[in-house]
Amino acid sequence: MRGRPLSRPNPSVGAVIVKHGKVIGRSWTQPGGRPHAEKMALDQAGACAKGATLYASLEPCAHVSERGPSCSDAIIEAGIAKLVYAVTDPDPRTAGSGAEKLRAAGIKVSQMENAAATASLSGYLTRQSGARPFVTLKLAMSLDGFIALPSGESQWITGEASRAHVHSRRAQSDAILVGGGTWRGDLPRLDVRLEGLENRSPQRIVLTRGVVPDDVKIINRPEQIGSLEDVQYLYVEGGAETAASFLKADLVDRMELYRAPIILGSGRSAISDIGLGTLADAHGRWMLADQRMLGSDTYEAYDRVRPSTGEGN
């Protein structure tokens, strides 16, 4: 996760080299996508890489590009004895050929599927399979589901710990999106204000047909997110109409809810109508993935449950 999102347009891959029970090299994809994680780890290990085992979250690439040699060639040259990887690379330039190339060179290769490794590559995998970024919808609300008072006052519903956590999530996103109403009403900065992570502030995007500053991108419909080049992780912060539009289009892969221990009684709802026809349509769509306390607030993350057809993640 350390390479996310600075590794774009490449996936953020992790690699560890082990020999005689000791870690002799470890790394992740560097900013701009190069060097790759495997090459960095091999450079750390040096001559000790000969006969060692390499663990990688993604199948090593098999193609040579203008930006450098393939990781498969580097692994062979270093004398690695065994490769264990978690996810097959869906890029058609590799897509199994990386593993086969290593086997042909006499390296023992095995795949060990791992949910955490797959989750760490969710943006890249969604971009490859669905031609769009992985979408996280963030909502901060009261216990009774409101994001603001009837007057529109919303600062601050949640506490400092939740707000810091939101900034850490922004720092792992390529782009952050709000609706036109939120943009015009709140004039949000949409940046990262955690010390040492300011350089990870995401590209700002507004869902609107209105006017925005030159350094802010516009899309008119949620379905246009596929046109956001090099965006693997899109963080949607609202408001209610924007949240509903992404849910209605079934473009939300993860929901992250921050619930403050307060009751407002009335106000602005977190999500507008999403067009459900029956109550049965609401069930079986979301699975709890994480839950914790952030100060006095409760954080819950839910992953979208999708049919196992290779669509999305």
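These are my notes on the pockets, domains and ring contacts of a predicted model.

**Domains**

I started with the domain split. The chain is divided into domain 1 (14-123) and domain 2 (131-304). I looked up the spacing too: their C-alpha centres lie 35 Å apart.

**Largest pocket**

Next I went for the pockets. The largest one has a volume of about 1,100 Å³. I get 40 residues in its lining, and Lys-138, Ser-154, Thr-182, Asp-186 and Glu-237 are the ones nearest the centre.

Which elements supply at least two lining residues each? I noted β6 (134-142), β7 (146-148), α6 (160-170), β8 (175-179), α7 (180-186), β11 (233-238), α8 (240-248) and β13 (268-269). Helix α6 has the largest share, with 6 residues. By class, I wrote down 15 nonpolar, 15 polar and 10 charged residues for this lining.

**Second largest pocket**

This pocket comes out at about 560 Å³. Its lining has 25 residues; nearest the centre I find Ala-119, Ser-122, Phe-134, Arg-254 and Asp-303.

Here α4 (115-120) gives the most, 5 residues. Elements that supply at least two residues each include β12 (254-260), β14 (286-294) and β15 (297-304). Both β6 and α6 are on that list as well, and each of these two also supplies at least two residues to the lining of the largest pocket. The class split is 9 nonpolar, 7 polar and 9 charged.

Where does this pocket lie relative to the two domains? Domain 1 and domain 2 both give residues to the lining, so I place the pocket between them.

**Aromatic pairs**

I searched the whole structure and got 2 aromatic pairs. The one I looked into is Tyr-258 with Tyr-299: the ring centres are 5.1 Å apart and the planes meet at 50°, so I logged the pair as tilted. It joins distant parts of the chain, with Tyr-258 in strand β12 and Tyr-299 in strand β15, 41 residues apart.

Are these two rings' residues buried or exposed? Tyr-258 has a relative accessible area of 0%, so it goes down as buried. Tyr-299 is at 2%, and I count it as buried too.

**Charges over rings**

Last, I checked for charged groups over rings. Arg-4 lies over the face of Tyr-233, 3.6 Å from the ring centre. I also found Arg-163 with its charged end over the ring of Trp-156, at 4.5 Å from the centre.

Conventions: Residues numbered from 1 in each chain as written. Predicted model: local features only at pLDDT ≥ 70, side-chain atom pairs only at ≥ 80, totals over all residues. Heavy atoms only, no water. 1 Å grid on protein atoms, 1.4 Å probe; cavity = no way out; pocket = protein on both sides within 12 Å on 5 of 7 lines; lining within 4 Å. Points joined across faces, edges and corners; volume = space filled by probe spheres on them. Helix = DSSP H or I, 4+ residues; strand = E, 2+ residues; numbered from the N terminus. Nonpolar A, V, L, I, M, F, W, Y, C, P; charged D, E, K, R; others polar. Domains from an automatic or database assignment. Phe/Tyr/Trp six-rings, centres within 6.5 Å; stacked < 30°, edge-to-face > 60°. Buried < 20%, exposed > 50% of the residue type's maximum accessible area, 1.4 Å probe, protein only. Lys NZ or Arg CZ within 6 Å of the ring centre and 35° of its normal.
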